[in-house]
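Colleague: I am new to this structure. Please choose one part of it, go through that part closely, and then place it within the rest.

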Amino acid sequence: MVGRKPGIIALFDVDGTLTYPRKAITPKMLEFMQDLRKVVTIGVVGGSDLIKISEQLGNSVISDYDYVFAENGLVAYKNGELIGKQSLKSFLGEEKLKELINFTLHYIADLDIPIKRGTFIEFRSGMLNVSPIGRNCSQEEREDFEKFDEVHKIRSKMVSILREKFKHLNLTFSIGGQISFDVFPQGWDKTYCLQYLEDFPEIHFFGDKTYKGGNDFEIYDSAVTVGHTVISPTDTAEKCKSLFIATKPGDA
Ligand SMILES: [Mg+2]
């Protein structure tokens, strides 16, 4: 492609960065990304699966960007073609996975908390989501549990026990939201996708949750990326214009 700067990739978070939270990309932003693609290689990395990313970025997403990383890169596309697929199941293997699930369910069974509902473990392709109260509690029960947990530290105690018991598996435990925590292998955050970008000496990453504990933090903070914090799609476009498109005085 004529005029593309070699060795540079602009990599984008999806929600809050290319789109407004949980919304679809605007036609204007879509057009901007195609203009940007004439200048640099572009990619997206989202925590959601490809179906969800396509709902936000459009059905032609895998051909609109040079790289598309769904589920933080566990599912990776380059030039519209699948180049990698990884899952918790194939990474840990059924035996270790069963050991982890059994222990977790036993722990929850013995847990004395005011109420329990159903779906204590949700099995996702790249992680387990564990909820001591159960995911199908009502909104009111969810809020009550959050308050109870703030006082009794149910989740943080559980996490420290699981962390110790399964330290040989090198897992990350991440408490988020009101009722649950996520369990996934170390490094399966957004930095996972960087293994596919070793040919780029200059990786610019744009994300809205770049603070510690945010889902963009690790890749933003990574030594191999140049991190940019954005507050909206408009901000993303502005920053890209001044970094990659704006001509300096004197440029012909
Ligand atoms: Mg985001």
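Modeller: Helices and strands here are DSSP runs, a helix (H or I) having at least four residues and a strand (E) at least two, and they are numbered from the N terminus. The model is a predicted one. By this assignment the protein has 9 helices and 11 strands. The part I choose is a group of aspartates, together with the residues that touch them.

The choice starts from the record. UniProt, in an unreviewed entry, lists D13 and D15 under "active site". The lining of the largest pocket takes in D13 and D15 from that set. A second annotation in the unreviewed entry, "binding site", covers D13, D15, D208, Y220 and T225. From this second set, the pocket lining takes in D13, D15 and D208. Such annotations may be inferred rather than shown by experiment.

Take D13 to begin with. D13 sits in the loop between β1 and α1. Its relative accessibility is 4%, so D13 counts as buried, the limit being under 20%. Setting aside residues up to four places away in sequence, D13 touches L18, V45, K190, F205, F206, G207, D208 and D216. One of these, D208, is itself in the "binding site" set.

D15 lies in the loop between β1, residues 8-12, and α1, residues 27-37. At 26% relative accessibility D15 is partly exposed, because that value falls between the under 20% limit for buried and the over 50% limit for exposed. Apart from neighbours within four places in sequence, D15 is in contact with Y20, P21, R22, K23, Q56 and D208.

D208 belongs to another loop, the one between β10 (202-207) and α8 (217-221). With neighbours within four places in sequence left out, D208 is in contact with D13, D15, G16, T17, D216 and V230. D208 therefore meets the two "active site" positions, contact meaning heavy atoms within 4.5 Å.

Now follow D13 to V45, one of the residues D13 touches. V45 is found in strand β2, residues 41-45. V45 has a relative accessible area of 0%, so it is buried. Beyond neighbours within four places in sequence, its contacts are L11, F12, D13, V14, F69, N72, K190, C193, F205 and I219. K190 is among them, and the C-alpha atoms of V45 and K190 are separated by 7.0 Å, although these positions lie 145 residues apart along the chain. K190 and F205 also appear among the residues that D13 touches.

The strand and helix next to the D13 loop, and the strand before the D208 loop, come up again at helix α9. This helix runs over residues 233-245, and its buried residues are P233, D235, T236, A237, C240 and F244. What covers these buried residues includes β1, α1, β10 and β11 (225-229).

For contrast, here is a pair of helices from elsewhere in the chain. Helix α5 (residues 94-109) and helix α7 (residues 154-165) pack at an angle of about 145°, their axes 12 Å apart. The crossing of α5 past α7 is right-handed. On the α5 side are F103, T104, Y107 and I108, which meet K157, M158, I161, L162 and K165 of α7. Sorted by class, this contact has 6 nonpolar, 1 polar and 2 charged residues.

Two loop residues deserve a note on backbone geometry. Most residues other than glycine have a negative phi. E71, in the loop between β3 (67-70) and β4 (75-78), has a positive phi of about 50° although it is not a glycine. N79, in the loop between β4 and β5 (81-85), has a positive phi near 50°. E71 counts as buried because its relative accessibility is 16%, whereas N79, at 52%, is exposed.

Last, the whole chain. Its C-alpha atoms fill a box of roughly 70 × 35 × 30 Å along the principal axes. Of the 252 residues, 46% count as buried, and D13 and V45 are buried residues. Among contacts between residues at least 6 apart in sequence, 60% join residues at least 24 apart. The contact of V45 with K190, 145 residues apart along the chain, is an example of such a long-range pairing.

Definitions and conventions: Residues are numbered from 1 along each chain as its sequence is written. This is a predicted model: local features need pLDDT of at least 70, side-chain atom pairs count only at pLDDT 80 or more; totals for chains, interfaces and linings use all residues. Side-chain values use heavy atoms; hydrogens and water are left out. Axes are lines fitted to C-alpha atoms, for helices over the stretch in contact, and angles run from 0 to 180 degrees between N-to-C directions. A crossing is left-handed if the near helix is turned anticlockwise from the far one by less than a right angle, and right-handed if clockwise. Ala, Val, Leu, Ile, Met, Phe, Trp, Tyr, Cys and Pro count as nonpolar, Asp, Glu, Lys and Arg as charged, and the others, Gly among them, as polar. On a 1 Å grid over the protein atoms alone, a cavity is a set of points where a 1.4 Å probe fits but cannot get out, and a pocket is an open set with protein on both sides within 12 Å along at least five of seven lines; lining residues have an atom within 4 Å of a point. Buried means under 20% relative accessible area, exposed over 50%, partly exposed in between (1.4 Å probe, protein chains only).
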